[in-house]
Amino acid sequence: MNSITKYARLVKFSHTIFAMPFAMLAFVYAVQNNSASQSNPWWWATLLVQVVLCMVFARNVAMGFNRWADREIDARNPRTADREIPAGKVSPRAALWFVAVNALLFILTASTINMLTALLSPVALAVVMFYSYCKRFTSLAHLVLGLSLGIAPVGAYIAVTGQFALEACILSLVVITWTSGFDIIYALQDREFDREQGLHSIPAKFSPAGALAISIALHAVSIASLLWFATYLPSSLWTWAGVAAFTAILCLEHILVTPTRTRHIGIAFGTLNGLASMSLAVLVIIGLLTA
């Protein structure tokens, strides 16, 4: 149990709450639009397990590899020096083995779904692992992180249908811009450290006010994209309640964190964004199921 706890902390498993709700939303949307051609009313159950497993394995690869790649940087940063690898709780070699096992499990599980998920599984892993090196050479690392999480709804949709669709790509755009926006807020904590170490981020490149303005712009795109996605959904009070809740929480995030007030970054990053994704997914899914 102690080993499980150590690895769960290594990969911040609780942060699965960011992408998982969007994957579930895309999954339910795809199932609702494909149920008419299925004779078995429970045809989606096995697929759901496969999608959840893929999400878990991909998340473990992404965060495990990130912690391994950043181990020396984390050791120099007082804020991150107590993470599992620099603190000696998990060895670098053990972390790499953890990543390799989860990568293999992800590819094997994706290969049991359909041909397209099998072919795209290595591509997905390449994207999520590439992110770990981006801050060494580009301030756009936040967008690459957004893309890493934005894969989730598209992957879930493809798992059900075996093909791409505009709706899933729109939902992915919501995730990309939403994640990029809140990651900029999170990166404000390390602005001075990143500058000293020659690392790249939006806060390191711009002033706090400039960085937050970019974050607000990204979140505006996220809300606009969500409204676009909502046009594909059944008209429902549940759907619009979900959109309203997501929008309100993002607005609250920017009220709490300003250029001169950053002490609430932890609440804005973890609590509010987790609440935003869960509220949206639960309410819209209820709308889909009751339409």
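## A walk through the helices and rings

Searching the whole structure turns up 15 aromatic pairs. Keep in mind as you click around that this is a predicted model.

**Stop 1: Phe18 and Phe269.** Select these two and show their side chains. How are the rings of Phe18 and Phe269 arranged? They are edge-to-face, because their planes sit at 75°, with the ring centres 5.4 Å apart. Now trace the chain between them: Phe18 is in the loop between helix H1 (2–10) and H2, Phe269 is in helix H13, and 251 residues separate the two. Both Phe18 and Phe269 are buried.

**Stop 2: add Phe182.** Phe269 has another partner to look at here. The rings of Phe182 and Phe269 have centres 5.5 Å apart and planes at 70°, so this pair is edge-to-face. Phe182 belongs to helix H8 and Phe269 to helix H13, so the pair ties together parts 87 residues apart in sequence. Check the accessibility as you go: Phe182 has 2% and counts as buried, and Phe269, at 10%, is buried as well.

Now widen the selection to Phe18, Phe22, Trp178, Phe182, Tyr186, Phe246 and Phe269, which form one aromatic cluster.

**Stop 3: the core around Phe22.** Which residues touch the most other members of the largest nonpolar core? They are Phe22, Trp178 and Phe246, in a core of 78 residues. Colour helix H3 (residues 44–69) too, as it gives the most to this core, with 12 residues. Then centre on Phe22 and look for what it touches beyond four places in sequence: Pro153, Leu171, Val174, Val175, Trp178, Phe246, Ser277 and Leu280. There is also a second, separate core of 10 residues, with Leu212, Leu218, Val257 and Ile265 among them.

**Stop 4: helix H2.** Select residues 20–32. At 1.5 Å a residue, these 13 residues should span 18 Å, and the end C-alpha atoms are indeed 18 Å apart. Is H2 largely enclosed or open? With 12 of its 13 residues buried, it is largely enclosed by the rest of the structure. The buried ones include Met20, Pro21, Tyr29 and Val31. To see what covers them, switch on H3, helix H7 (141–161), helix H8 (166–187), helix H11 (208–230), helix H12 (237–256) and helix H13 (265–290), which are among the covering elements.

**Stop 5: helix H13.** Follow this helix along its length and pause at Leu272, where a kink of about 30° is centred. End to end, its C-alpha atoms are 37 Å apart, which agrees with the 38 Å that 26 residues should span at 1.5 Å each. Ser279 is on this helix too; its relative accessibility is 17%, so it counts as buried, the limit being under 20%. Away from its sequence neighbours, Ser279 is in contact with Gly242, Ala245 and Ile249.

**Stop 6: His219.** Hop over to helix H11 and select His219. Buried or exposed? At 2% relative accessibility, His219 counts as buried. Leaving out neighbours within four places in sequence, its contacts are Thr177, Trp178, Gly181, Phe182, Leu250, Glu253 and His254.

**Last stop: the cysteines.** How many disulfides are there? The count comes to 0. Take Cys169 as an example: the nearest cysteine sulfur belongs to Cys54 and is 18 Å away. Cys169 is partly exposed at 36% relative accessibility, and Cys251 is partly exposed at 43%.

Terms used: Residues are numbered from 1 along each chain as its sequence is written. This is a predicted model: local features need pLDDT of at least 70, side-chain atom pairs count only at pLDDT 80 or more; totals for chains, interfaces and linings use all residues. Side-chain values use heavy atoms; hydrogens and water are left out. A nonpolar core is a set of buried Ala, Val, Leu, Ile, Met, Phe, Trp, Tyr and Cys residues joined through side-chain atoms within 4.5 Å. Buried means under 20% relative accessible area, exposed over 50%, partly exposed in between (1.4 Å probe, protein chains only). Helices (H or I, at least four residues) and strands (E, at least two) are DSSP runs, numbered from the N terminus. Contact means heavy atoms within 4.5 Å. The expected span of a helix is 1.5 Å times one less than its number of residues. The bend at a residue is the angle between axes fitted to the seven residues ending there and the seven starting there. A disulfide is a pair of cysteine sulfur atoms within 2.5 Å. Rings of Phe, Tyr and Trp (its six-membered ring) pair if their centres lie within 6.5 Å; planes under 30 degrees apart count as stacked, over 60 as edge-to-face and the rest as tilted.
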